[in-house]
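Please walk me through this structure, beginning with how its surface residues are sorted and ending with how the chains fit together.

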Number of protein chains: 2
Amino acid sequence: MFQNNVMERLMQSVKININDNIYVKDPESSALGKRIVKESILMINEMGFECFTFKKLGIKIASNESSIYRYFENKHKLLLYLTSWYWGWLEYQLVFATNSMGNSTEKLKKAIEIVTKGTEEDSAFSHINEVLLNKIVINEYSKSYLTKEVDAENKEGYFVIYKRLVTRLSDMIRAIDVDYPYPSSLASTILEGSLHQYFLMDHFPTLTDCHQINDPTVYFQNLVFSVLKP
Amino acid sequence: MFQNNVMERLMQSVKININDNIYVKDPESSALGKRIVKESILMINEMGFECFTFKKLGIKIASNESSIYRYFENKHKLLLYLTSWYWGWLEYQLVFATNSMGNSTEKLKKAIEIVTKGTEEDSAFSHINEVLLNKIVINEYSKSYLTKEVDAENKEGYFVIYKRLVTRLSDMIRAIDVDYPYPSSLASTILEGSLHQYFLMDHFPTLTDCHQINDPTVYFQNLVFSVLKP
DNA sequence: AGTATATGATAGTAAAGCTATTAATTTTGT
DNA sequence: ACAAAATTAATAGCTTTACTATCATATACT
C-alpha cells in the first residue's frame with residue numbers, strides 16, 4: 001500500500017516521546033538501550049511478563065543484569081515504556097490518517113479501524129517489532145495499571161499517551177453526536193474491548209464472534225454507529 | 001428489599017460449585033479453610049495481589065504458611081478460586097432473578113443490571129465479603145487469565161463458570177435479535193467492559209462518563225438496546 | 001595522554017515461593 | 001475413654017527473583 005510506505009518513511013524521522021521518568025536512561029540514546037528494548041519485546045512475547053527477568057534478558061543480549069538496571073528501574077517500568085511506545089505509535093497513525101479528513105463520520109470510522117485493527121506488519125525501520133509489541137499489549141497491558149501504584153504513577157504522567165488517545169477518540173465521537181452521554185466510556189470501551197476481543201479470539205473463541213472475516217474492527221464500527229445518532 | 005432478603009436466605013443453603021482441581025483441599029471443608037478464604041479477601045484487597053503472600057496471610061490468621069499450601073497450590077490458584085466463586089455467585093443471582101421473566105427485553109435489561117451493578121452490600125451469611133470480592137475482581141481478575149498457562153488451565157475447566165455466564169448473557173441477546181451477528185462479543189464486552197468502567201471511575205475519571213448517577217449499568221443498557229433490533 | 005562515561009564482572013542481600021520433616025493437636029471410630 | 005488417624009504447627013532449608021554495591025575495563029571526548 002502506498003500509504004504504508006509513506007508512513008514507514010515518516011516514522012523513521014519521528015521519535016515517540018515518552019515520559020522521562022519511566023526510564024533511568026533513555027534507551028534510544030545508545031546501542032545497548034536499543035538492544036534491551038528490542039530483545040525484551042521478543043522475550044516477553046515468548047515467555048510472558050511474569051517469567052521474564054532482567055537476568056534472563058542480560059544473558060540473551062550478552063550483557064549484564066546491572067547494565068539493564070541503568071536503563072530501567074525494574075521490569076514494570078520497562079513494560080510502561082513499551083506500552084507507552086505502542087500507544088504513541090498508534091496515536092501517530094491515528095492523527096496522520098484522520099487529520100485531513102473532512103467528513104466526521106468517515107473520520108471516526110477510520111479512527112476505529114486504526115485502533116482496533118490487528119498489527120500485521122513490522123515496519124522494519126526501527127528496532128521495535130510492532131507485531132509482537134501489539135501482542136504484548138493484548139496480553140500484558142492491563143498489568144501495567146492494575147496495581148496499587150496506579151494513582152501515583154498516573155500523577156507522574158506515565159499514562160498520558162494512552163489517555164490522550166482515548167480523548168482523541170472521545171472527541172471524534174462527540175463530533176458526530178453531541179447528545180450522546182457516554183463518549184469517553186465508549187472510547188475507552190473500544191480500546192480496551194478491542195484488546196480483549198483479540199485475546200478471546202486466541203484463547204476463548206466461544207466467547208467472541210470475531211474471527212478473520214468479522215474482526216473486532218467491524219464489530220466495534222457496527223456498535224459505535226448503532227449508538228450514535230448523527 | 002424483599003428480594004434481597006429472600007436471596008440472602010437462599011444463598012445460605014447453596015454452595016457454589018468450584019472445579020476440584022483449583023484447590024488441593026476444599027476450603028469449605030474446614031474452619032481453617034474458611035479463614036484462609038475470608039482473610040485472603042481482606043488482604044488482597046488491602047495490599048493488592050502482587051504484594052500478597054501466603055507467608056503474610058499465615059501471620060494474619062495466626063496459622064502456618066505450610067498449612068495454607070495444603071489448601072491451595074499457590075496464590076494464583078487462590079485467585080482463581082475467589083474469582084470463580086464470585087462469578088458463580090453472580091450467575092446464581094442472574095438465574096434467580098431472570099428465570100421467571102417472560103418478556104425477553106425486560107429479561108436482558110435485568111440481566112445487564114445484575115452483572116454490571118456494583119456490589120454494595122455484604123450478605124453477611126457466609127465468610128465471604130462480596131463487596132470486597134467485587135473489588136478484587138475489578139482489580140485482579142484479568143491477571144488470572146492473562147498468563148502463559150491460560151490454555152492449559154482453560155482445558156482443565158478453571159474458567160467454566162465465567163464462560164457459562166457469558167453464554168447465558170449471549171443467549172439472552174440472541175433471544176431478542178437473532179440477526180445480530182455479535183452476541184458473544186457483546187456479552188463479553190458487557191462483562192469485561194463493566195469491570196473496566198468501574199476501574200476507570202476509581203482511577204481515571206476522565207476516561208469514563210460513568211459516576212453515581214450515570215452508572216455502568218445505564219451505559220451498557222443503552223449500548224445494548226441501541227445495537228439490538230427486536 | 002588524561003579523564004569522563006558506559007559497560008561488564010562479581011558478590012551480596014532480602015524476600016518470595018516453595019518443599020520436606022518432625023512435632024503437637026484435634027478429630028474420629030470403637 | 002482411648003488409640004489411631006488426620007490435621008495443623010513449627011522449623012529448616014532450597015532456589016529464584018529483584019535488586020544494590022563495588023570495582024574493573026573499555027571506549028569516547030578534549
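Residues are sorted here into three classes: Ala, Val, Leu, Ile, Met, Phe, Trp, Tyr, Cys and Pro count as nonpolar, Asp, Glu, Lys and Arg count as charged, and the others, Gly among them, count as polar. By that sorting, the surface near DNA strand C divides into 3 nonpolar, 8 polar and 6 charged residues. The model is a predicted one, and the values below are computed from it.

Consider DNA strand C further. There are 17 residues around this strand, and those that come nearest are Ser63(A), Tyr71(A), Glu65(B), Tyr69(B) and Asn74(B). Of the atoms of strand C that lie within 4 Å of the protein, 55% belong to sugar or phosphate, and the rest belong to bases. Individual atom pairs show both kinds of approach. On the phosphate side, a polar side-chain atom of Tyr71(A) is 2.8 Å from a phosphate oxygen of DNA strand C. On the base side, an N or O atom in the side chain of Arg70(A) lies 3.1 Å from a base oxygen of DNA strand C, and one in the side chain of Glu65(B) lies 3.4 Å from a base nitrogen of that strand. The elements giving two or more residues to this surface are α4 of chain A and α4 of chain B. The most comes from α4(B), with 3 residues.

DNA strand D can be read in the same order. Of the 17 residues around strand D, Glu65(A), Tyr69(A), Asn74(A), Ser63(B) and Tyr71(B) come nearest. Sugar or phosphate accounts for 61% of the atoms of strand D within 4 Å of the protein, with the rest in bases. A polar side-chain atom of Tyr71(B) lies 2.9 Å from a phosphate oxygen of DNA strand D. Two base nitrogens are approached as well: a polar side-chain atom of Glu65(A) is 3.3 Å from a base nitrogen of DNA strand D, and the side chain of Asn64(B) has an N or O atom 3.4 Å from a base nitrogen of that strand. Here α4 (65-69) of chain A and α4 (65-69) of chain B each supply at least two residues, and α4(A) gives the most, with 3 residues. The surface near DNA strand D has 3 nonpolar, 8 polar and 6 charged residues.

The next topic is how the two protein chains meet. In chain A, 49 residues are in contact with 49 residues of chain B. Between them the chains bury about 4200 Å², and 59% of this is on carbon and sulfur atoms. On the side of chain A, Leu146(A), Tyr182(A) and Leu207(A) lose the most area to chain B, together 17% of what that side buries. What kinds of polar pairing cross between chain A and chain B? There are 0 salt bridges between the two chains, but 29 residue pairs are in polar contact, both residues being at pLDDT 80 or more. Two or more residues each are given to the side of chain A that touches chain B by α2 (31-47), α7 (130-145), α8 (150-155), α9 (160-176), α10 (183-203) and α11 (216-227) of chain A. The largest share, 13 residues, comes from α10(A). By class, this side of chain A has 22 nonpolar, 17 polar and 10 charged residues.

How are the two chains placed relative to each other? A turn of 180 degrees with a shift of 0.0 Å along the axis lays chain A on chain B with an RMSD of 0.0 Å. The two copies are thus related as by a two-fold rotation axis. Of the interface residues of chain A, 98% are also interface residues in chain B, so the copies meet through the same surface.

Salt bridges can also be sought in the whole structure, where 18 are found over all chains. One of them joins Lys15(B) and Asp26(B), whose closest N and O atoms are 2.7 Å apart. Both residues lie in the loop between α1 (2-12) and α2 (31-47) of chain B, so this pair ties together parts that are 11 residues apart in sequence.

Note on methods
Residues are numbered from 1 along each chain as its sequence is written. Chains are lettered from A and ligands numbered from 1 in the order in which they are written. This is a predicted model: local features need pLDDT of at least 70, side-chain atom pairs count only at pLDDT 80 or more; totals for chains, interfaces and linings use all residues. Side-chain values use heavy atoms; hydrogens and water are left out. Contact means heavy atoms within 4.5 Å. Buried area is the accessible area (1.4 Å probe) that two parts lose on being put together, summed over both. A salt bridge is a side-chain nitrogen of Lys or Arg within 4 Å of a carboxyl oxygen of Asp or Glu. A polar contact is a pair of N or O atoms within 3.5 Å; within protein, one must be able to donate a hydrogen and the other to accept it, and residues adjacent in sequence count only if both atoms are side-chain atoms. Helices (H or I, at least four residues) and strands (E, at least two) are DSSP runs, numbered from the N terminus. A residue is near a molecule or strand if one of its heavy atoms lies within 4 Å of it. Copies are superposed by least squares on the C-alpha atoms of residues with pLDDT of at least 70 in both.
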